[in-house]
Structure formats: structure tokens, C-alpha cells
Amino acid sequence: MILDIIIFIIITIYSISLLLIFMYALAQLNLLFNYLKAKKETDTSKKFDFTNPNEIPFVTIQLPVYNELYVMKRLLKNIAKLKYPLDKLEIQVLDDSTDESIETTAKEIQKIQEKGIDITHIRRSNRQGFKAGALKEGLRIAKGEFIAIFDADFLPHSDWLYQTVPYFKDEKVGVVQTRWGHINRNYSTLTKIQAFALDAHFTLEQVGRNSKGHFINFNGTAGIWRKECIYDAGNWEGDTLTEDLDLSYRAQLKKWKFKYLENVETPAELPIVISAARSQQFRWNKGGAENFQKMMHRVIRSKNISFKTKIHSVLHLLNSSMFTCIFLVAVLSIPMLYIKNEFEHLKIYFYVMSFFVISSFIFFVCYWHMYKNIYGGGFLNFIKYIGAFFTFFSIAMGFSLHNTIAVLEGHFGKKSEFVRTPKFNIKNIKDAWKTNKYIKKKPSGNVIIEGILAIYFAYGMYSAFVVGNEDGDFGLFPFHLMLFIGFSYVFFKSIFSKA
């Protein structure tokens, strides 16, 4: 009796998780169709005529920074090269730093001021509200009608403002967001899989949603806001770890339009050590769950948006929660393997559930279009893509425990500090990144569990040989192999902290 209840619970949780993953995959497929259609359309957006000086608006650039010793000079020198009339431009360095970077930043700012550029060094006595609080403080005294924001690891091209500001000719446009590029994409396996994931977001998802008027998000950096839009939406709030997603939804609920520019790339640096990637992933995934709790009811009750936009918005807010479903499917897949081969009357259920393997195929097709868009098509690139997809999915699943914990904390309202992602300014692979003072030296206690899970999925592979009849059951073997690789990678990288 107790065994039957346990089996019922396992099957129920496993089935619901698979169903949610399948629904998410279908949403991704719909975004792919939107994306492919959008690529064929011509942009007819209204734009400012910058040949007329009277149409060039005043812009404020905000640089929210906190203890960025290794990249501040690079950031400031790059920002100072942006082309724009100096009488219509100001730069705010919103510096919440507590280390020696304050002095080096001040010296660099002074050099830029001597060139006639309006740049100010704004310091706060505390980090209340973290990044959101700094942006809000700077906004209070900003001269610009439009507010461009760059994190410390971003390096916009010199014509960035000329490529983005003109779209605000349409008075309904509240935000213009650009695509992230990756200056160290090929540094390591870790940077390659991060680039893979971000490329999917910045092509398939952002274009797919934006082209049909569905909600998208300002990505925290490499974008520009209309100041009026920020105030109308309620200004920056620091009650979630992803203040960018929060304000984006509040603005779009107020009927502000977002303009996404896939063809405008803003290069940036990816985290090169796993501890930095882990902290970034934790903040993004926890913040996503926090925003689901904060915004879901407002989205569902809104009378300003269509039913389809509501569906995409809810799934968008649940993006990070998919890691919980993946983790549950992974952990329960081994008990399910034994249940399948011990209880003959459940065989029909497993035949039905095998249909959901199509989710993986949908992701494979969707991400191929993203990969092809960046690297080009052809047979050789397709073969490379298969390897990249396998690697990405394996390591993404290896992060599933870490990200599930973040998601659960977000949904259950556990508050935590905004932990910045360390930057490195690595020039080449021989650089001594280990001297970076911001690296988290001690691995998380969750790493031990990740090591145990690697062994657990090795057992899952072994189980394929011993369950069922004498031929075994290898249906889940590829899945367990990917999980073993993913958790082993995350475990060993976290223990030995190698870039």
C-alpha cells in the first residue's frame, strides 16, 4: 500500500514536470515561428533625423558600478569614445564601491572631464536598493530625457547612441534594447555554453516576443530608457534581484512599447570562472522567480494585453522555474526506470510519456536557427552545432540543483543580498586570473550534493544494463549520460575553480 502511494507520487510529479517542460518547448517553437517571420519583415519604425540638430535629444549615460577594480579604466575610456554632441550628453558614474577602485575611478574621471565631457562621480553612503537604488539616485538629478545604462563589463561601439536614440521618435517607445555580444566567447567551455544560452535569448526569444508585441525585458544593461517611462512605471525598485525585469513588466503594463534591436551588438565580457557564473545564474534565476510572484497576478488581471501575450508573459516569468522541472525529471528518472520494468501494467503509461521526448527535439530545432544565424549554415557547422548543443544541455542540467535552490528561494520569499559578478578583463588565456581579489574562494556546500548527483547518474547508466530483461533498458541512458557529464563538470570545476 505504502509502495503504491510512493509510486503514484513519483509518477505524478514526473508527469507534471514533463508536461510543463513540453508546454515551455511549445512556447519556444512559437517564438521560433515569430522569429523567422520577423526576419523577413522590413523595419518601418519612425526615427529622429539627426541631420537636424534640433531633433537630437539630451542623453544621460548611467554606469552603475561596485568594486570593479579590473575593468573601470577600460569602461570609462570606452564610454568617453561614444559619438554624440557634448552639449547634449552627460555621464553619471554611480559608484557604490568600498575598495581602492574608488581612487582609480576618480582619477580616470578627471582625465575625461579635462576633455570637456560632462561626467560626474556619484557616491552614496550606503548600498540601499543595490543597483536599483543607485540608478534611482542618479535618475533624480539626471539631465537627460533618455537614460542609457551600461554595466562595467560592457563596451558599446562608438556609434551606439546614433544607432539607438533615433527610435524614440515614436513617443510610445519607452525602451530600446540591444543584443549582447561576447568578447571572450571562445575562452573556455564555460564561456561557450554561457554564450550559447545568451544567444538563444537575444535572438529567438527577444525577437520572437517583440515582433508580436509580447512582453520582453530590458536586460539590465546595453539599453536606453525614456525617463518619462521610468517614472510612469513607478521608478526603480530594489525588492527583487532582477530590477530590470521588474521595471520592464511594470512599464509594459502601462502600455509602453519596447524596441529590440537584434542588429545592434553591444560587446561584453562573460564570467570566466565557475564561481562567478554560479553567482550570476543564482541572481538571475532567483530574481526571475521573485518577479513571477510579484508580477503574475498583475499580468493575468490586466485588461490591456491579449490572452496570448498573457500566456507568453507567464511562461517568460517562469523561465527560471523550468530548472526545477528539469531537476525533478532528472532525479526521478532512475526510480521511473525501475518502476517501468517492475510493473507490467504501467507499460502503456511509459509509451505515452515517451511522446514528451519531442521537447528535446523542439529545443534542438529552435537553437539550431540561433546557431546558424551566428555561425552560418552548412553540414560542417551543423555537426559542430550537435556537439555544442550536447555540451550546453549537459552543463545546463548540471546547474539544475544550484538554479533550483535559487528559484525556490525566490518563490518562497527568502531575501538575499545583490551579489555582483566579478569581472576580469582577461586579455588572453595565459593571464593570471587567480589574482582577482573578488573571486569567491570557498565553494558552496551544494557542490558536495552535485558530486553525489554525478555518482547517482552514473548509477543510472549502470541501471540500464541490469533492469528489465537480459537486454537491459537503454531508453534513458543518453539522458543519464548527459546528467553525469553535467554534474561532474560543475562539481570538479567548482572544487578546483579552474577557468
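Which residue in strand 3 does Asp95 stand opposite? Keep that question in mind while orienting yourself in this predicted model, and begin with the whole protein chain in view.

Shown as a C-alpha trace, the protein chain spans about 80 × 50 × 45 Å along its principal axes. Its radius of gyration is 24 Å, which agrees with the value near 23 Å that a compact globule of 499 residues would have. Colouring by secondary structure brings out 17 helices and seven strands, and switching to a surface displays an accessible area of about 22,600 Å², of which 61% belongs to carbon and sulfur atoms. Of the 499 residues, 58% count as buried, and among contacts between residues at least 6 apart in sequence, 82% join residues at least 24 apart.

Next, select residues 89-95 and 119-123, which are strand 2 and strand 3, paired in the parallel sense over five bridges. Adding residues 101-113 shows helix 3, through which the chain crosses from strand 2 to strand 3 in a right-handed β-α-β crossover. Within this pair of strands, display Asp95 and Arg123: the residue of strand 3 that stands opposite Asp95 is Arg123.

Then turn to the segments that UniProt, in an unreviewed entry, annotates as "transmembrane region", namely residues 5-27, 317-339, 348-370, 382-408, 447-468 and 474-492. Two of them can be selected in turn. Residues 382-408 are 96% helix and 0% strand, with their end C-alpha atoms 37 Å apart. For residues 474-492, the chain is 84% helix and 0% strand, and the end C-alpha atoms lie 27 Å apart.

Note on methods
Residues numbered from 1 in each chain as written. Predicted model: local features only at pLDDT ≥ 70, side-chain atom pairs only at ≥ 80, totals over all residues. Heavy atoms only, no water. UniProt positions renumbered as here; feature names shortened; annotations may be inferred. Helix = DSSP H or I, 4+ residues; strand = E, 2+ residues; numbered from the N terminus. Pairing = 2+ DSSP bridges. Right-handed = clockwise from strand over helix to strand, strands pointing away. Rg over C-alpha atoms; globule rule 2.2 N^0.38 Å. Buried < 20%, exposed > 50% of the residue type's maximum accessible area, 1.4 Å probe, protein only. Contact = heavy atoms within 4.5 Å. Areas by Shrake-Rupley, 256 points an atom, 1.4 Å probe, with all protein chains shown as cover.
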